[in-house]
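Work through the exercises below with the sequence and the 3D view open. Each task is followed by a solution in steps.

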Amino acid sequence: MNTSLLDYNLKVRLPLILFTAAAAFAAAYFASRAERDGVGYAPAQPIAFSHRLHAGQMRIDCQYCHTGVAVSASAGIPPASTCMNCHTVARKNRPEIIKLAKFNEQGTALPWKRVHRVPDYAYFNHSVHVNKGIDCANCHGAVENMDVLSQVSQFTMAACLDCHRRAPEILSAVPGIQKGPDNCGACHR
């Protein structure tokens with residue numbers, strides 16, 4: 001092989017290839033940050049819904065809307081009909097309630113944008129945590145103070161393992177709480 005071609009490959013092509021690969025990795029890493037930890041993620045929703053008003057001022061329990069939280073792996077997103085239990089009477093002439101009523105009349109699901117997401121390759125069961133007495137705010141923050149819902153905790157393996165391993169310390173207000181499982185099969189099924 002020609003030494004000048006070898007020099008060219010080592011001095012120009014190889015660094016260029018390595019730089020391009022490193023730049024692509026860095027861009028993908030930072031672009032996918034929201035999927036890894038998502039802290040601060042607060043998408044605009046199709047209907048302006050204030051947790052501060054509903055969960056805070058009115059003190060509506062989380063389980064009124066998120067009916068699956070104590071009985072299934074998923075907390076569930078409330079259908080428009082749940083909202084209409086009150087809004088057929090309360091503030092029914094407000095623009096956001098009129099939009100809500102249209103979804104309900106058409107029988108279509110509200111296109112809520114998901115805020116909290118555990119990666120698809122990890123298993124998480126809400127009911128196990130809720131039935132142990134762990135308050136929603138431990139992971140979701142003080143939603144009763146949020147007009148726009150945002151993610152306040154990381155849903156990463158490191159954050160979950162830290163909580164499982166230090167549960168008696170982190171969740172000291174929960175009577176009888178013990179460490180959670182920290183074996184791979186607990187979450188990766």
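The exercises below concern a predicted model.

**Exercise 1. Place His 116 in the fold, decide whether His 116 is buried or exposed, and find its side-chain polar partner.**

Step 1. Locate the residue: His 116 sits in the loop that joins helix H6 (95-106) to helix H7 (126-131).

Step 2. Check its accessibility. The relative accessible area of His 116 is 14%. The cut-off for buried is under 20%, so His 116 counts as buried.

Step 3. List the contacts, leaving aside neighbours within four places in sequence: His 140, Leu 149, Ser 150, Gln 151 and Phe 155.

Step 4. Look for polar atoms. The side chains of His 116 and His 140 make a polar contact at 3.3 Å.

**Exercise 2. Which residues make up the largest nonpolar core, and which element gives the largest share of this core?**

Step 1. Recall the background: in soluble globular proteins, nonpolar side chains tend to be buried together.

Step 2. Name the members. The largest nonpolar core has seven residues: Ile 47, Ala 80, Cys 83, Met 84, Leu 100, Ala 101 and Leu 110.

Step 3. Assign them to elements. Helix H5 (80-87) and H6 each give two or more residues to this core, and H5 has the largest share, with three residues.

Step 4. Set the second core aside. Another core, of five residues, lies apart from this one; Ile 134, Ala 167, Leu 171 and Val 174 are among them.

Step 5. Follow one member outwards. Beyond its neighbours within four places in sequence, Ala 80 touches Leu 100, Phe 103, Asn 104 and Leu 110.

Step 6. Extend the view to the whole helix. The buried residues of H5 are Ala 80, Thr 82, Cys 83, Met 84 and His 87, and they pack against H3, H4 and H6. Asn 85 also belongs to helix H5, but Asn 85 is exposed, with a relative accessible area of 52%.

**Exercise 3. Compare the setting of Arg 59 with that of Arg 91, given that each has a positive phi.**

Step 1. Recall the background: most residues other than glycine have a negative phi.

Step 2. Read the angles. Phi is about 55° for Arg 59 and near 50° for Arg 91.

Step 3. Find the loops. Arg 59 lies between helix H3 (51-57) and helix H4 (62-65), while Arg 91 lies between H5 and H6.

Step 4. Classify the accessibility. Arg 59 is exposed at 73%, whereas Arg 91, at 48%, is partly exposed.

**Exercise 4. Describe the surroundings of Ser 127.**

Step 1. Ser 127 is part of helix H7 and is buried, at 9% relative accessibility.

Step 2. Away from its neighbours within four places in sequence, Ser 127 is in contact with Val 69, Ala 70, Val 71 and Ser 72.

Step 3. The side chain of Ser 127 also makes a polar contact of 2.5 Å with the side chain of Asn 125.

Step 4. For a distance across the model, take Leu 18: Ser 127 and Leu 18 are 47 Å apart, C-alpha to C-alpha, and 109 residues apart in sequence.

**Exercise 5. What lines the second largest pocket, by class and by residue?**

Step 1. The space in this second largest pocket is about 250 Å³.

Step 2. Its lining has 13 residues, and Asp 61, Cys 62, Asp 135, Cys 136 and Glu 144 lie nearest its centre.

Step 3. By class, the lining of the second largest pocket divides into eight nonpolar, two polar and three charged residues.

Definitions and conventions:
Residues numbered from 1 in each chain as written. Predicted model: local features only at pLDDT ≥ 70, side-chain atom pairs only at ≥ 80, totals over all residues. Heavy atoms only, no water. Helix = DSSP H or I, 4+ residues; strand = E, 2+ residues; numbered from the N terminus. Buried < 20%, exposed > 50% of the residue type's maximum accessible area, 1.4 Å probe, protein only. Polar contact = N/O pair within 3.5 Å; in protein donor to acceptor, adjacent residues only side chain to side chain. Contact = heavy atoms within 4.5 Å. 1 Å grid on protein atoms, 1.4 Å probe; cavity = no way out; pocket = protein on both sides within 12 Å on 5 of 7 lines; lining within 4 Å. Points joined across faces, edges and corners; volume = space filled by probe spheres on them. Nonpolar A, V, L, I, M, F, W, Y, C, P; charged D, E, K, R; others polar. Core = buried A, V, L, I, M, F, W, Y, C linked by side-chain atoms within 4.5 Å.
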